[in-house]
Amino acid sequence: MPSHDVLIIGAGLAGQRAALAAAQTGSSVAIMSKVHPVRSHSVAAAGGINAAISVDDDWRSHAYDTVKGSDFLGDQDAIEVMCSEAPAEVMHLEHIGVTFHRNEGGELDLRAFGGASMKRTAYVADITGQAILHVLYEQLMKHHETVDRYEEWFTTSLLQDEDGRCCGVVARDVRSGRMETFNAKNVILACGGAGQVYRPTTNALIVTGDGIAQAYRIGAPLMDMEMVQYHPTTLAENGILITEGARGEGAVLLNSEGERFMEKYAPNKMELASRDVVSRAEQTEILEGRGVGAERSGIWLDITKVPRKRTLEALREIVNIGKDFAGVDITREPIMIQPGQHYIMGGVKTDIDGATQVEGLYAAGEVACVSVHGGNRLGANSLLDTLIFGRRAGEHAAARAATMGMPKASTADAQLREDVATIDAIIARPRTSRRVSEIKQELGDTMNQYVAVYRDEAGLAQALEIVTRLQEESKSAYIDDRGTVFNQDVLGALELGYMLDCAQATVVAAIERKESRGAQFRTDFPERNDAEWLKHIDISLNVNGGPPGVGGPQISYSPVTMTQWEPEERKY
Amino acid sequence: MPETHKPPEQFTLRLRRFDPESGVAPYWDEHTIELEPHRSVLEGILQAKADADGSIGIRCSCRAAICGSCGVRINGEPGLACHTHLDHARAGAGADGVIEVEPMGNMPVIKDLIVDMDAVHWKKVQRVTPWLIAKQPVPEREYLVEKEAMVDITQSMACIQCGACVSDCLAMEVDPGFIGPAALAKAYRFVGDPRDDEQDVRLRDLAEDPQGIFDCTHCFKCVEACPKGVNPMGQIMRLRRIAIDDQKIVDKNNGQRHEATMVGLIKDYGLLHEAEMVPRSYGGNSWFGKFHPAAGKELLASLPVAIKGVLKGKINPKIAIFGHKIPAADLKNVQRIYDKVESRPERYELNLYITGYDEVDEETPVPVGTTATNGDDESPAAPDTEGSAA
């Protein structure tokens, strides 16, 4: 059985950064991903990365903006770590080759972004995620002798030793269908969010909550799962993202009356208020009949205000997206957008070093909840989150590995047999039930209907009922592919199970939080209520110390860490 | 305001299937799907997968032409399935209007539409030392570099490693060892990066490798194939120009002299002059070059090919020996182009991110940059980089 000091699951920005950081300490490191690393969803991050690198900026200002953006639910110690370490991290990226765009003086150029009190977003056109991801992969190729790569390996289970410590994984080589166990002193989950729980979503098809569900199933608590970000500018029919960078460069939002309606909702920041505020404003305009398009379900995003030359240079990707996916030349006419699911602030609860509550198990990036985003993430803080906490998790896991011997994965063989049996059973299911794809669609539609920008008790209860039914149905849902080589069908069935776990945790937490804060807006509790709800909701399968899985999701609370900033009214 | 989209229609997809476990040869499999015509071929395939046959194998993830997973051939042309509209694909289909989707070429098929990119594409990327060799000392803050230099290499940085250019690279088809368009575009990303310390080493390496930059046959297939406007061939040509003009690298495989010969012949005759091609390439770019011993040797070696060409009617001996003729006025115009280009103090390069679309813009492109590796281009003959518009 291959064994490593640090085994990282997921090879987006958080995973690759963790791998490189851990390898630098001399640890034996491996990185495993169900897709080739450059296909990871970090590639789709467009607008940029925040850091207080300008001489007249201060990381405390960045931290305050982040705290305010989180609607005061973010943990301020973690936010301080992220924002204070951001400038050095961005410089590190620059030194290893990221092609950040420059100003006339040859220094890093910065663009405006939502919820930020000044320009502090470094960028590479509107392909920043791709540019950083590819540069990190360049580094992995450079360090191929010290970081083993398992590309296109799908993790099916996390292994625990007799004391409950995480000590490896079971995984399937997608290409051959072979299943294998991997021993590790530490496992770092860096396998992204769960956007596919929604339909439509800006997220890629691979973003199916695998890591969140796997950690949850072995007893790690999830946190802030009710906080689901709807991005203000996504294409209506397929959820494709139009970067916030467009508004950062000066694009405006217009309703059917041609009004720049953000004046009413955020008179100071206008289109650059935080995402929850802008998405709610758009949704309100649509609900009140001022939407555009045939079904009045959209809003105009007018990018023609941005000089054409600047658009072509700095927003090239969305020029292509407009043309290819909406048939619109955004340099000459407005494009119809609407709020769409984009990011989950919640995830596996970790400390500021990425450690979860299961020993030996770390998490970083969207899979994790540190929590730096609280109720609402600021644009261009997600890349930062992945890199800062990916690095910290990698370093911390490597340091822990140096203090210990290789744990005995005593359950490895049994777990391997169980996973093989599970997969065989899925493949053998009779075609008498529902198709996996049908259930996935119903789940996505349900979440988008009831657990969206505006929520209420009745809708959430309906969602919970449907999700619970779908969980039952998923147990007999059938697939077509009977093969072993690249059997994407059977992996889809496993992913459906992960998605349903994530959906359930989200709905349960959304029902629990009886207030409106950040991305959670309850029409039946429209005010923020600091007296009762200035706290995190943790969802766990074994909160009372019992075996995981018994009794379904359990709710508990944890305090919000405050250091410098008291909650105040949030205005943009 | 954008036009409203058309209602859903039926489309038939003919997918190339291959199951390596079945022992059955590859076969065609048809599915009819229903979607709005502007939706993508990938969405069509995903509908077939969801509703009819989940065993259809295709890598896909982002659906927005950024992850590079779904490279395939559609009606024989390489591209991304998520980036090709169903109505466009049908318009490009055969008489039956059925959209044919096959795996990419030049790479072994694993299953259905999934090819082995590690075996070809990634190996070649690894070949070009694909990481920055940073100039020392590393500054405390960022390297100070020209604004345009970063915008310039963003074009090759925009490569999503989808393999569409590799799929249909004609040079690679003939010589599988050719480093190829994607990896060489990646190489330009470092050669063009002012922070890189080993541009000369990289260029010499790529020029002297017989399967390096001079192995490209200039066929434009990769330019057409690229869904992101990376213009791989353009990047290869820039590597050549920097190698020859700036680094004065004379490669031992004659690639550089062959290229100079092409340029020289067109200048002299306006069209190719086959009989002088080999002598000049091997002897030197002049009339006297043809008497060089090396030229004689190569001339002899190429005789069988020439004879075969004559016998098959592909070569007209008279034209081959005496050269093509164009009217004197036309030749003069050709030479005027040369005069104009050669009299420039700086070499101009086209860059998509700087000049934007190749359509005539309101503003005249402003020449930029004084470094060796970037600039602008006002030449209408510049390669069409508008791959993403196709």
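Where does A:Pro200 lie in chain A? In this predicted model, A:Pro200 is placed in the loop between β9 (179-189) and α5 (210-217) of chain A. The peptide bond that leads into this proline from A:Arg199 is cis, with omega near 0°. Chain B offers a cis bond as well, from B:Gln136 to B:Pro137, with omega near -5°. B:Pro137 sits in the loop between α3 (118-127) and α4 (147-157) of chain B.

Chain A also holds an open sheet of 4 strands, in the order β11-β14-β13-β12, with antiparallel pairing. Its edges are formed by β11 (228-235) and β12 (252-254) of chain A, each of which pairs on one side only. On average, and with direction ignored, neighbouring strands of the sheet are turned by 45° against each other. The antiparallel pair β11(A) and β14 (residues 335-344) of chain A is joined by 6 bridges. Within this pairing, A:Tyr230 has A:Gln341 of β14(A) as its bridge partner. Helix α8 (residues 275-287) of chain A lies across β11, β12, β13 (299-302) and β14 of chain A, and runs at about 60° to β11(A).

Strand β14 of chain A appears again where the two chains meet, as one of the elements that give two or more residues to the side of chain A that touches chain B. The other elements in that group are α3 (76-96), α4 (128-142), α9 (308-314), α10 (316-326) and α15 of chain A. Of these, α4(A) gives the most, with 7 residues. In total, the contact takes 61 residues from chain A and 53 residues from chain B. Sorted by class, the side of chain A that touches chain B has 28 nonpolar, 17 polar and 16 charged residues.

Turning to the interior, the largest nonpolar core has 279 residues. The members that touch the most others are A:Val187, A:Ile188, A:Leu189, B:Ala81 and B:Leu239. Helix α15 (residues 488-512) of chain A supplies the largest share of this core, with 16 residues. In soluble globular proteins, nonpolar side chains tend to be buried together. Around B:Ala81, and leaving aside neighbours within four places in sequence, the contacts include B:Val41, B:Leu42, B:Ile45, B:Cys60 and B:Val101.

Chain B as a whole has 16 helices and 7 strands, and buried residues make up 47% of its 390 residues. Among the contacts in chain B with a separation of 6 or more, 67% are between residues 24 or more positions apart. The chain is divided into domain 1 (9-115), domain 2 (118-252 + 379-389) and domain 3 (255-343). The C-alpha centres of domain 1 and domain 3 of chain B lie 44 Å apart.

Several loop residues of chain B deserve a closer look. B:Asn75, in the loop between β3 (71-74) and β4 (77-80) of chain B, has a positive phi near 50° although it is not a glycine. B:Asn75 counts as buried because 20 C-beta neighbours lie inside 10 Å. B:Asn106, in the loop between β5 and β6 (109-111) of chain B, likewise has a positive phi, of about 60°, and B:Asn106 is buried, with 20 other C-beta atoms within 10 Å. B:Gly97, in the loop between α2 (86-91) and β5 (99-102) of chain B, counts as exposed because it has 11 C-beta neighbours inside 10 Å. Measuring from C-alpha to C-alpha, B:Gly97 and B:Asn254 are 47 Å apart in space and 157 residues apart in sequence.

Methods:
Residues are numbered from 1 along each chain as its sequence is written. Chains are lettered from A and ligands numbered from 1 in the order in which they are written. This is a predicted model: local features need pLDDT of at least 70, side-chain atom pairs count only at pLDDT 80 or more; totals for chains, interfaces and linings use all residues. A nonpolar core is a set of buried Ala, Val, Leu, Ile, Met, Phe, Trp, Tyr and Cys residues joined through C-beta atoms within 7 Å. A residue is buried if 20 or more other C-beta atoms lie within 10 Å of its own, exposed if 12 or fewer, and partly exposed in between; C-beta atoms are placed from the backbone. Two residues are in contact if their C-beta atoms, placed from the backbone, lie within 7 Å. Domain bounds come from an automatic or database domain assignment. Two strands pair if DSSP finds at least two bridges between them. Axes are lines fitted to C-alpha atoms, for helices over the stretch in contact, and angles run from 0 to 180 degrees between N-to-C directions. Ala, Val, Leu, Ile, Met, Phe, Trp, Tyr, Cys and Pro count as nonpolar, Asp, Glu, Lys and Arg as charged, and the others, Gly among them, as polar.
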